[in-house]
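Here's a quick tour of one protein chain, going from a single helix out to the overall fold. Have the viewer open as you read.

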Amino acid sequence: MIEQPAYTGFGFSDEEWGLLVGLPQSVLTAASAAEPDSARRTMAENAAGLETIATGRESASPLVAAVSGEIVSRVGDPEAGEELPVIAPADPRAMIEDVLNRAASAARLLAAKVDEGEAGAYKHWLVEIAEHVVGAASSGGILGLGGDQVSDSERRFRDRLSEILND
C-alpha cells in the first residue's frame, strides 16, 4: 500500500500545499527585510521567526501543526540549535509585495478548502510569525542602544499582512 502525503488528508494538491508550507518562512524573511538591520539583528529576527514557526508544531490546529512540522523537518529545529541562513532579498519591496500577494492567495485557498477555525488558526499563526520577527530586535539607535522596537516599515508590513488575512 502506498502511503499518501499528509496534505491529501486536508484536501490540498501538491502545489497548494507548497504555498502553505512556503509562506511562513517567506513571511519571516519579508518581516525581517521590511527594515534594513545589522547582521546581528537580522539573525535575532530569524531566530525569533524560526522559533515561532517551530512552536506551531504544538498548535491545536492540525493544519498548523502539520505545516510547522514539515517546515522544521526541511529547515531545521531551533530546539536542536539549528538556524536559518540569513536571506537578504535583492529587492526587499518586491519580495514583500510578493509575500503579501501569496498570503492573499493562501487566504482564498483556505476559505475554499478548510473550515473557518483551521483557516483562522493558520492565518493568525502567520501574523504571529511576523509579530515575533519585527519585535525581535530594535531598529535604529547607535551601537545597539536606543531605536524603535518596531519600526514604521516593520509595523506597516505586519499590519498589511494582518489586514490581508483578516486577522
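Let's begin with what sits over helix H2: the cover on its buried residues includes helix H1 (14-33), helix H3 (62-75), helix H5 (116-134) and helix H6 (152-165). Keep in mind that this is a predicted model. H2 itself runs over residues 39-55, 17 residues in total. From first C-alpha to last, H2 reaches 24 Å, close to the 24 Å expected at 1.5 Å a residue. Its buried residues are a mixed bag: Arg 41, Thr 42, Glu 45, Asn 46 and Thr 52 are on the list, and so are Ala 48, Gly 49, Leu 50, Ile 53 and Ala 54.

Zooming out, the chain has 6 helices and 0 strands, which reads as α-α-α-α-α-α along the sequence. Of its 167 residues, 44% are buried. Among contacts with a separation of 6 or more, 76% join residues 24 or more positions apart. The exposed surface comes to about 8,700 Å², with carbon and sulfur atoms supplying 52% of it.

Now for the inside. In soluble globular proteins, nonpolar side chains tend to be buried together. Here the largest nonpolar core has 41 residues, and those with the most contacts inside it are Leu 20, Val 27, Val 67, Tyr 122, Phe 157 and Leu 161. H1, H2, H3, helix H4 (92-113), H5 and H6 each give two or more residues to this core.

Three residues are worth a click. Their contacts, leaving out neighbours within four places in sequence, look like this:

| Residue | In contact with |
|---|---|
| Val 27 | Val 99, Leu 126, Ile 129, Ala 130, Phe 157, Leu 161 |
| Glu 118 | Ser 61, Pro 62, Leu 63, Val 64 |
| Val 134 | Ala 31, Gln 149, Val 150, Glu 154, Arg 158 |

Which side chain of opposite charge is nearest to Glu 118? That would be Lys 123, 12 Å away. Glu 118, which lies in helix H5, is buried yet has no salt bridge.

Val 134 lies in helix H5 too. Why does Val 134 count as buried? Because its relative accessibility is 0%, and the cut-off for buried is under 20%. Val 134 also ties back to the helix we started with: its C-alpha is 9.0 Å from that of Ala 48, although the two are 86 residues apart along the chain. Ala 48 is one of the buried residues of H2.

Terms used:
Residues are numbered from 1 along each chain as its sequence is written. This is a predicted model: local features need pLDDT of at least 70, side-chain atom pairs count only at pLDDT 80 or more; totals for chains, interfaces and linings use all residues. Side-chain values use heavy atoms; hydrogens and water are left out. Helices (H or I, at least four residues) and strands (E, at least two) are DSSP runs, numbered from the N terminus. The expected span of a helix is 1.5 Å times one less than its number of residues. Buried means under 20% relative accessible area, exposed over 50%, partly exposed in between (1.4 Å probe, protein chains only). Contact means heavy atoms within 4.5 Å. Lys and Arg count as positive and Asp and Glu as negative; His and the chain ends are not counted. A salt bridge is a side-chain nitrogen of Lys or Arg within 4 Å of a carboxyl oxygen of Asp or Glu. A nonpolar core is a set of buried Ala, Val, Leu, Ile, Met, Phe, Trp, Tyr and Cys residues joined through side-chain atoms within 4.5 Å. Accessible areas come from the Shrake-Rupley method with a 1.4 Å probe; for residues, only the protein chains shown count as cover.
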